[in-house]
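Please walk me through this structure, beginning with the surroundings of a ligand and going on to the interior of the protein.

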Amino acid sequence: MFKGAQFFYFTGTGNTLALAKAAAESLEQQGITVEVSNVLSSLETEIPEFVGVFFPVYGYGAPRVINRFLKRLQAGEGRKAFVVANAADNPGTAATDVGLALQQNGYKVMLADWVRMPSNYILGRPAIEDDKAAEVVAAGEGKVKQLVTALFNPDLAEPSLGSPSNPFYRFAYWVFLKSLKYAPRFYKSTAKCNGCGACVEMCPIGSVTLSSTERPVWGRGCEHCLRCLNLCPQAAIECTVFTKGKRRYTYWQGRNIKSIE
Ligand SMILES: Cc1cc2nc3c(=O)[nH]c(=O)nc-3n(C[C@H](O)[C@H](O)[C@H](O)COP(=O)(O)O)c2cc1C
Ligand code: SF4
Ligand code: SF4
């Protein structure tokens with residue numbers, strides 16, 4: 001008898017949490033209890049017999065915190081698992097690679113797939129307009145509900161690990177992971193900064209502190225999630241010249257950024 005599920009997520013700007021919650025909602029409508037947990041929280045309790053892992057794609061792979069979480073996660077011992085990555089347009093083989101890691105840890109991986117969501121990577125293109133973003137989000141939430149609901153349909157639930165892993169994506173991802181240690185030096189506050197401290201509060205890793213002159217200082221551990229940059233109320237954070245003058249993105253548009261998770 002199936003007892004329940006636990007969905008683990010990491011999010012920078014809210015898309016991933018929205019997907020995990022949408023997926024949980026669709027299972028709860030079928031009477032299945034789902035706990036939605038941040039991968040950064042402790043893993044004290046015994047995990048249930050069905051596990052979902054949700055994350056944004058970074059450099060065609062998973063955020064480093066997801067890799068660390070996978071190392072901490074207890075052995076699957078035959079438990080079922082699925083992976084839902086989300087990306088702006090090219091997920092590489094991130095979902096498959098996380099699925100393989102779960103498989104190696106004893107999980108029976110039922111699904112490793114991805115969902116399109118609005119891009120928060122404004123070093124490339126600026127964020128899309130709110131109405132377009134709402135359409136992409138609605139389609140993404142619809143797709144994740146379908147994917148997860150199908151896992152519980154015995155006629156549809158065939159285990160699948162998605163596309164095979166690819167050396168190009170693996171190399172690009174390796175470069176991304178290597179570059180993370182330099183990330184803090186590329187973040188700067190501008191004259192628009194009023195020292196409010198929201199960037200300190202909101203960083204999921206705790207990488208930002210305020211200096212004695214009340215200006216943010218970026219330190220070790222930054223995951224390059226772009227939350228501080230996209231959510232700063234004054235748009236006073238830049239990461240290289242490529243973010244200058246670009247429209248910001250957050251799923252939490254218009255919400256209280258001190259209580260986002
Ligand atoms: C550092 C970084 C790297 C990214 N790399 C990719 C990528 O390789 N392919 C892609 O399609 N989107 C990429 N994106 C976009 C995000 O995966 C996408 O916007 C995601 O929905 C953000 O989720 P979140 O709101 O939960 O943080 C990247 C975003 C960041 C911050
Ligand atoms: S959130 Fe923005 S305005 Fe507030 S301290 Fe940080 S950089 Fe400055
Ligand atoms: S410092 Fe900014 S970009 Fe880096 S992890 Fe924290 S919120 Fe994300």
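A residue counts as near a molecule if one of its heavy atoms lies within 4 Å of it. With that in mind, and remembering that this is a predicted model, we can begin with ligand 3, which has 13 residues around it, of which Cys203, Cys222, Cys225, Leu226 and Cys228 come nearest. By character, the shell around ligand 3 is made up of 10 nonpolar residues, one polar residue and two charged residues.

From the ligand we turn to the interior. The largest nonpolar core has 49 residues, and those that touch the most other members are Phe7, Phe54, Phe82, Val144, Tyr187 and Ile237. Helix H1, which covers residues 15-28, gives the most to this core, contributing seven residues. Because domain 1 (5-173) and domain 2 (182-252) both give residues to this core, the core lies between them.

Besides this core there is a second, separate one of 32 residues, which includes Val39, Val57, Ala94 and Ala95.

Returning to Phe82, and leaving aside residues up to four places away in sequence, we find that Phe82 touches Phe7, Phe50, Val51, Gly52, Val53, Phe54, Leu111, Val148 and Leu151.

The strands can be followed in the same way. Strand E3 (residues 50-56) pairs with E4 in the parallel sense, over seven bridges, and within this pairing Val53 stands opposite Val83 in E4. Strand E4 itself spans residues 80-87, and seven of its eight residues are buried, so the strand is largely enclosed by the rest of the structure.

Key. Residues are numbered from 1 along each chain as its sequence is written. Chains are lettered from A and ligands numbered from 1 in the order in which they are written. This is a predicted model: local features need pLDDT of at least 70, side-chain atom pairs count only at pLDDT 80 or more; totals for chains, interfaces and linings use all residues. Side-chain values use heavy atoms; hydrogens and water are left out. Ala, Val, Leu, Ile, Met, Phe, Trp, Tyr, Cys and Pro count as nonpolar, Asp, Glu, Lys and Arg as charged, and the others, Gly among them, as polar. A nonpolar core is a set of buried Ala, Val, Leu, Ile, Met, Phe, Trp, Tyr and Cys residues joined through side-chain atoms within 4.5 Å. Buried means under 20% relative accessible area, exposed over 50%, partly exposed in between (1.4 Å probe, protein chains only). Helices (H or I, at least four residues) and strands (E, at least two) are DSSP runs, numbered from the N terminus. Domain bounds come from an automatic or database domain assignment. Contact means heavy atoms within 4.5 Å. Two strands pair if DSSP finds at least two bridges between them.
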